[in-house]
Amino acid sequence: MNKTININLGGFFFHIDETAFQKLNRYLDAISRSLNDDPQGKNEIIADIEARISELLSERIKDARQVVNEADIDEVIAIMGQPEDYAEAEEAYAETSSSYTRRKTTSKKLFRDGDDKFLGGVCSGLGHYLGIDAIWIRLAFILLTASGFSPLAYIILWILLPEAKSTAEKLQMEGEPVNIDNIEKKIRNEFETLSLKLKDGANELTEKISSADYEKLRSQTKSGFQDFLDTLGKILSAVFKVFGKFIGVILVFAAGVTLISLLFGLFSVGSLEILNFDNDMIHYPPFFYGSSVPTWLLTTFLFILIGIPFLALFILGLRILSPSIKRLSTVASLSLLGIWLVALLGVAFSGIEYATSRAQDGTKVTKEAITYNAAQPLRIAVKNDDDIYYQHNLRRRDNSVEVIVNDQKMKYSNDIKIDVEKSETGTAYLEIKKEAEGRKRINAVENAEKLIYKFKIGENRILFDAYFLSEIKNMWKDEEIRLTVFIPEGTTVYFENSSKKFLYHIDNTEDIYDSNMANHHFKMTSKGFECMDCDDKEDHNNDWNSNDDNDSNNDNDVSFLFNSTINDAKAELIINKSTTKRELQKLANWFKNKKNIDLDFSESEFYDDGKIKNYLLKVNCNDGFSGKTEKIISINNGEHGFVRNYNEDGSVAFRIW
């Protein structure tokens, strides 16, 4: 029969027999004596050890009436470990007859870390449990925010997970064995950290006091307005700290997405180049073409130029979210800066090289005699080479397409303009004017001479190619072919349907629009170019129905001219940067004849080539609606004009822009 004793251990009540009590008491006394030489944090260490022993005993005692025996104490000591690492403890503990072996555990428990928390310490606790840095857990929650899952999961974990408050719980959270050594080390580390903070704070306070300008402080104290400003500054500082975290999240998200996109793009472009995929899948900036820097190196420079600043923003965002993230070392920062400057210089060099390669315009003019039978019409036609580049709707375009000709990359363009004028020499000939750009005028002329253009003259027919070819380095340069057919008086010309989209500003006595001249015979007379087979000499200024790309589904109800529209439903004028002064004059006549609408462009400005630069439009519909632009408008890439809606369907009746 053993005597039992009631004890309070770590805030819990236990029944323990006398032998077990004596062994537990000797164990705690030995631990206490081992800490005598350095009593810093001794009481807290003993309290944490007692709390841990109480926790272990509670796991074994299921019934409040159950008595703690010597075997229970032996198991607890085996888990906690005996204080034999300390010399004094070994001497004091020598009288015990039992020998214990330390049993370590590496299992972790999931807690919230209150010492390293942004909101509730959930991410930091998960980081300890999973063995990874808490910042990556936080980033994962941020990236999953849009899904709606991470906020809910965070709140649930915040509610369910306990916070690691005691030393034993902190050790369990970190996966460290909860024994005497680790508890003692943990508490001492906390005391050392606290001591350093207090010491640094005291030093900072001392420096502030010693360096304080007391006269200035007294003057500031006397100023109530200054106090108000100081208080306001503190409030704003607190607000900025809160929003700073939000800014950090935005920086990390935006920079992270950009960096991932850049890496994906870099590897994608590299893979497509290596696998020799179709070039249409890769579109390079203009300065890539003709650059003396290799394409692969220029691509790398461009990605570095964009990527390094976003990398800096990404690290900045991480440091805003978690101050524990260290900044890049001076060596790393300077290295990245050097690499970025090299990339900047490489891209800048290519950009300057591209700009200077377009500095001057050059023209190469050649002439070709035309032999034909004057008794028969001279036919003009246009054809395309579909094997090089197929187009369903063949027309003049200010375009550039990369094509492969004889296993060589080349530029393909449809910028072909055909004109017909009266010959002053009395002979028929063809003038081919090739225009190009270059670093110097002589280079521009050489580039123009290199333009590849073909045509065929024979059997009273001139067959023009609908395209020209140029070197791939000229992909984004302005190049064009102007073809002028000079014919003597009395010559009849027939424009085949294939030429209608390439005719350009052909003067004629009836002022017929270029595309409407197709499929008609025109004769060069002393008065000018006259239509020979236009029915009843119809007024082509009033008949603008055509089958251009802008045709609607009902050609009989809709008329178009230079992208402008007049029908029973509306009258709409469209002007863009390609509109010329001559076209505006035709448009003014067209709107006047069709709808009695007066257009005034007299205050507009034009470039030397006739294209509109700035415009001021005045409109009078002569039906109660009129208006004008408020000021001279600069023509950019947009569209301008006016619209007069005649349908009463809720649409704006009149608008000018």
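Which residue forms a salt bridge with Glu435? In this predicted model, where local features need pLDDT of at least 70, side-chain atom pairs count only at pLDDT 80 or more, and totals for chains, interfaces and linings use all residues, the partner is Arg482, with the closest N and O atoms 3.3 Å apart. Residues are numbered from 1 along each chain as its sequence is written, and side-chain values use heavy atoms, with hydrogens and water left out.

A salt bridge here is a side-chain nitrogen of Lys or Arg within 4 Å of a carboxyl oxygen of Asp or Glu, and the structure holds 20 of them. The Glu435–Arg482 pair links distant parts of the chain, 47 residues apart, with Glu435 in strand β9 (residues 429–438) and Arg482 in strand β13. Helices (H or I, at least four residues) and strands (E, at least two) are DSSP runs, numbered from the N terminus. Both ends of the pair turn out partly exposed: Glu435 has a relative accessible area of 23%, and Arg482 comes in at 27%. For reference, buried means under 20% relative accessible area, exposed means over 50%, and partly exposed is in between (1.4 Å probe, protein chains only).

Another salt bridge joins Lys422 to Glu489, and there the closest N and O atoms are 3.1 Å apart. Lys422 sits in strand β8 (residues 416–422) and Glu489 in the loop between β13 (480–487) and β14 (492–495), so this pair ties together parts that are 67 residues apart in sequence. Lys422 is partly exposed at 31% relative accessible area, and Glu489 is partly exposed as well, at 47%.

Then there is Arg582, which pairs with Asp507 at 3.3 Å between the closest N and O atoms. Since Arg582 belongs to helix α15 (residues 581–595) and Asp507 to the loop between β14 and β15 (521–524), the salt bridge ties together parts that are 75 residues apart in sequence. Asp507 is exposed, its relative accessible area being 54%. Beyond single pairs, salt bridges that share partners join Lys417, Glu435, Glu480 and Arg482 into one network.

Helix α3 (residues 70–80) is a separate story. Its buried residues are Asp72, Ile73, Val76, Ile77, Ala78, Ile79 and Met80. At the N-terminal end of α3, Asn69 acts as a cap, with a side-chain oxygen 3.2 Å from the backbone nitrogen of Ala71. Just after the helix comes Gly81, which takes a positive phi of about 90°.

Conventions: Polar contact = N/O pair within 3.5 Å; in protein donor to acceptor, adjacent residues only side chain to side chain.
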